[in-house]
Amino acid sequence: MPLTVELKTPLTGPYKQPTGLFINNEFVEGVDKKTFETINPTTEEAICSVHEATEKDVDIAVAAARKAFNGPWKTISPQQRGIYLTRLADIVEKNSDLLSAVESLDNGKSISMARGDVSSVVGCIRYYGGWADKITGSTVETVPDHFNYTRYEPIGVCGQIIPWNFPLLMLAWKISPALATGNTVVLKTAEQTPLSALVFAQFVKEAGFPPGVVNIISGFGKVAGAAIASHMDIDKVAFTGSTLVGRSIMKAAASSNLKKVTLELGGKSPNIVFKDADIEQAISWVNFGIYYNHGQCCCAGSRIYVQEEIYDKFIETFRKRAAANAVGDPFDEKTFQGPQVSQLQYDRIMGYIEEGKKDGAKIEVGGSRHGDKGYFIQPTIFSGVTPDMKIMKEEIFGPVCAIAKFKTEEEVIELANDTTYGLAAAVHTNDLNTAIRVSNTLKAGTVWVNCYNMIHHQLPFGGYKESGIGRELGEEALANYTQHKSVSIRLGGPIF
Ligand code: ADP
């Protein structure tokens, strides 16, 4: 099968789509010459096939990353690493239209959201480009005859496994801090969405990164993903995806070489609306909180708690708002919600909708398929949802939310924290005291006040409880990609 195919998108016209595994700055076939199809979720038809990595290809990519880590990459100054990253950000920015269009084609996300993603990708890479030459240790006073300092050293070869909901953005969150701190990477994209990362890979080479520093492979979780998690020559694995797979990654790391692990997993995030909130504003944010990216966000605000005094009015207005969300062709500029990513996700979500109906929750809006082609689901609201219902407890990862009423602040804090997850939460109120008191009590890695899904690459992002380990973004992410070394020098004097 060729290493490039000609594709077209409604916005860009024809373009050259790489299909190979990107190893050592070249696109190559897999050793076993396997390929798999990627499906357009809008039409349910195959877009093209890409080359599939198996364990043998993971070995080759890891060897390339190791060679680069021990060789050219080690001799390059931190400032130069920053220059490569900044250059990469510039090239990505110049090619934003193509990257956004490919993202919409392969993932189904609306073009406006895909553009937002690419703009965040540029910001994230640039931000970490700025960090590259600002990673400094410290000197530490202990006893008078010792001089001590700390150093932050790269960990080595990093395996990175990303999901399909933000293919380019997750790639940027993963590779940027890893490269800024001097690591090399082998990144596996999700099997549902391999295309945009392969377009991006060309820009890595163009930016001047030496061969082997960034390797990007397409493949399946149980084969290439599992091979990364259990590889004996990968020093760290970073994963974003389901909690179930996160556990298996951690087990594989533990039973292989105890590689360092960071995980960004699922969520069932509470979105709390107090009676003194600006209700129109709150509804806009609640709507964005659950339906952004078609509900396919680990931090989606899927549990909505509304104070009883405003409950009826809230439901009435929110119902109209959700029903007005434009669902349809992702390439239509007016579209807010495109199709779900795959048949499997579509079936899972529809299964949850059926569970909600069976459990006796009330459908306020939606609850069915949208149209008759593509994996489209109507924005769906369930009201009167009780804590024991599956739709209140489990991550649905689709355009479905569960609403419940609360009386007091104490009660809603208890409800909000009654979950095994802890990725995000939000509070809507005009009372600063309530906002701060509740934010400080919620067990979540991110709390939004009077907004939702506002992710800034300068701020750490990650989960409490079973939502993850470690933090991405911000200065904190640098710690995930460095080893901290203490050097203690004895300055002479008597030996004990
Ligand atoms: P989803 O269920 O939403 O597809 P997953 O957690 O299954 O999310 O997938 C996220 C990423 O993890 C994908 O790149 C996928 O290929 C990968 N993956 C799935 N299973 C495994 C596994 N057992 N080991 C390593 N990676 C895996």
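Biologist: Ala, Val, Leu, Ile, Met, Phe, Trp, Tyr, Cys and Pro count as nonpolar, Asp, Glu, Lys and Arg as charged, and the others, Gly among them, as polar. What sort of model is this?

Modeller: A predicted model, in which local features need pLDDT of at least 70 and side-chain atom pairs pLDDT 80 or more, while totals for chains, interfaces and linings use all residues. Residues are numbered from 1 along each chain as its sequence is written, and side-chain values use heavy atoms, leaving out hydrogens and water.

Biologist: Cavities, then. How many of 30 Å³ or more?

Modeller: Three. A cavity is a set of points on a 1 Å grid over the protein atoms alone where a 1.4 Å probe fits but cannot get out. The largest cavity has a volume of about 90 Å³, volume being the space filled by probe spheres set on points joined across faces, edges and corners.

Biologist: Which residues are closest to the centre of the largest cavity?

Modeller: Lys 174, Thr 262, Arg 471, Glu 472 and Asn 480, out of 19 that line the largest cavity. Lining means having an atom within 4 Å of a point.

Biologist: And which elements give two or more residues to that lining?

Modeller: Helix H6 (167-180), strand E12 (236-240), strand E13 (260-264) and helix H16 (476-480). Helices (H or I, at least four residues) and strands (E, at least two) are DSSP runs numbered from the N terminus.

Biologist: How does the lining of the largest cavity divide by class, nonpolar, polar and charged?

Modeller: Ten of its residues are nonpolar, five are polar and four are charged.

Biologist: Switching to pockets. How much space is in the largest pocket?

Modeller: About 1,300 Å³. A pocket is an open set with protein on both sides within 12 Å along at least five of seven lines. The largest pocket has 46 lining residues, and nearest its centre are Trp 164, Ser 242, Val 245, Gln 345 and Arg 348.

Biologist: Which elements are in that lining with two or more residues?

Modeller: Strand E5 (35-40), helix H8 (221-229), E12, helix H9 (243-255) and helix H12 (343-358). H9 gives the largest share of the pocket lining, seven residues. By class, the lining of the largest pocket holds 24 nonpolar, 14 polar and eight charged residues. E12 thus turns up in both lists, for the largest cavity and for the largest pocket.

Biologist: On to helix packing. At what angle do H5 and H6 cross?

Modeller: Roughly 5°, with the axes coming within 9 Å. Axes are lines fitted to C-alpha atoms over the stretch in contact, and angles run from 0 to 180 degrees between N-to-C directions. H5 is therefore roughly parallel to H6; angles under 35 degrees count as roughly parallel, over 145 as roughly antiparallel, 65 to 115 as roughly perpendicular and the rest as oblique.

Biologist: Which residues of H5 and H6 make that contact?

Modeller: Asp 117, Val 118, Ser 120, Val 121, Cys 124, Ile 125 and Tyr 128 of H5, with Leu 168, Leu 169, Ala 172, Trp 173, Ser 176, Pro 177 and Ala 180 of H6. Contact means heavy atoms within 4.5 Å. Eleven of the residues in the H5 and H6 contact are nonpolar, two are polar and one is charged.

Biologist: How do H4 and H5 pack?

Modeller: Helix H4 (residues 96-107) packs on helix H5 (residues 111-131) at about 125°, axes 8 Å apart, so the two are oblique to each other. On the H5 side the contact takes in Ile 111, Ala 114, Arg 115 and Val 118; among the H4 residues are Leu 99 and Glu 103.
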